[in-house]
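I opened this model today to look up a few things. My notes follow in the order I took them.

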Amino acid sequence: SFANNQNNIAWGPGVGEIVGRHTIIPISDTSKDLYGNFRKNCPNGSGYSVQLGNENAGAEAEALFYTYNIPSNVTNFKILYHFAIVFQAPPTITHHIIGEKPRFQARVINVTDNIVISCVSFDFYSTYGLPGFQISPKSTASDTIIYKDWTPETLDLAEYAGKTIRLEFISSDCTRGGHFGYAYVDVGSNCNNVFEGTTKCSGNNSLT
């Protein structure tokens, strides 16, 4: 719903996967997104990616939560995740307020102290000219689709040693019900305190 200039989400009872709205994509799946033509499974990810939402509108919203207990004795704790986004961009003629548009949020919550860690959280609304977004070749004169290809993000959470933190990924459609928004997420993980990536900049001969 839309109130106080914001896209407000009310979660239904219970938790769990909803078929068609929470889709687990294994590494064996080589299919590509219809609008962005990028692989649905992150090429540099953990092996399993998740698609949140779909190309059906209807003012729906989906979420994926990861909770971590950071050991109190660590001095290095990083989390690497990748995300990709596809938005149907409401035409200007419909006069959508920014908060009514399709949206994707990635938030980090300090659960122990009930605080949003704002410096590592971000919020995208579907709008023209977003940095890093491209216009899909599937767009038409009356229906513009924009997308952001797989993008890495690293969170340095060492200062939260001894705390419980939660990663929240939330996708939502236009609040009017006429435009869709969905995203892909891949959170890297292993069994030590450092989450390692597999990409490196040209010219670098090592990475951690």
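**Aromatic pairs**

I looked up ring contacts and found 16 aromatic pairs in the structure. I keep in mind that this is a predicted model.

I picked out Phe 83 and Phe 104. Their ring centres lie 6.0 Å apart and their planes are at 25 degrees. Planes under 30 degrees apart count as stacked, so I logged this pair as stacked. Then I placed the two residues. Phe 83 belongs to strand β6 (residues 78-89) and Phe 104 to strand β7 (residues 103-110). The pair therefore ties together parts that are 21 residues apart in sequence.

Are these two rings buried or exposed? Phe 83 has 2% relative accessibility, so I noted it as buried. Phe 104 has 1% and is buried as well.

Next I took Phe 87 and Phe 133. This aromatic pair is stacked too, with 6.0 Å from centre to centre and 5 degrees between the planes. Phe 87 sits in strand β6, while Phe 133 sits in the loop between β9 (122-125) and β10. This contact ties together parts that are 46 residues apart in sequence. I checked burial again. Phe 87 is at 0% relative accessibility and counts as buried. Phe 133 is at 13%; the cut-off is under 20%, so Phe 133 is buried.

I then asked which residues the ring pairs link into a cluster. Phe 83, Phe 87, Phe 104 and Phe 133 are among them. The cluster also includes Tyr 66, Tyr 81, Phe 122, Phe 124 and Phe 169.

One more ring went on the page. The charged end of Arg 166 sits over the ring of Phe 65, 5.7 Å from the ring centre.

**The sheet**

I traced an open sheet of six strands. The order reads β3-β4-β13-β6-β11-β10, and the pairing is antiparallel. Which strands stand at the edges? They are β3 (22-26) and β10 (134-135). Each has a single partner strand, so one side of each is left without a neighbour in the sheet.

I followed β10 to its partner. Two bridges join β10 to strand β11 (residues 144-156), and the two run antiparallel. Gln 134 stands opposite Tyr 147 in β11.

Then I turned to β13. Strand β4 (residues 48-52) pairs with β13 over three bridges, in the antiparallel sense. Here Gln 51 has Tyr 184 as its bridge partner in β13. How many bridges pair β6 with β13? I found seven, again antiparallel. Phe 83 turns up once more, with Val 185 as its bridge partner in β13.

**Burial of β13**

I went through strand β13 (residues 181-187) for burial. Seven of its seven residues are buried. In a regular strand the side chains alternate between the two faces of the sheet. I therefore listed each side of β13, and both faces are covered. One side holds Gly 181, Ala 183, Val 185 and Val 187, all buried. The other holds Tyr 182, Tyr 184 and Asp 186, also buried.

**Cysteines**

Last, I looked for disulfides. The structure holds zero. I still checked two cysteines for burial. Cys 42 has 3% relative accessibility, so I put Cys 42 down as buried. Cys 174 has a relative accessible area of 0% and is buried.

Key:
Residues are numbered from 1 along each chain as its sequence is written. This is a predicted model: local features need pLDDT of at least 70, side-chain atom pairs count only at pLDDT 80 or more; totals for chains, interfaces and linings use all residues. Side-chain values use heavy atoms; hydrogens and water are left out. A disulfide is a pair of cysteine sulfur atoms within 2.5 Å. Buried means under 20% relative accessible area, exposed over 50%, partly exposed in between (1.4 Å probe, protein chains only). Two strands pair if DSSP finds at least two bridges between them. Helices (H or I, at least four residues) and strands (E, at least two) are DSSP runs, numbered from the N terminus. Rings of Phe, Tyr and Trp (its six-membered ring) pair if their centres lie within 6.5 Å; planes under 30 degrees apart count as stacked, over 60 as edge-to-face and the rest as tilted. A charge sits over a ring if NZ of Lys or CZ of Arg is within 6 Å of the ring centre and within 35 degrees of the ring normal.
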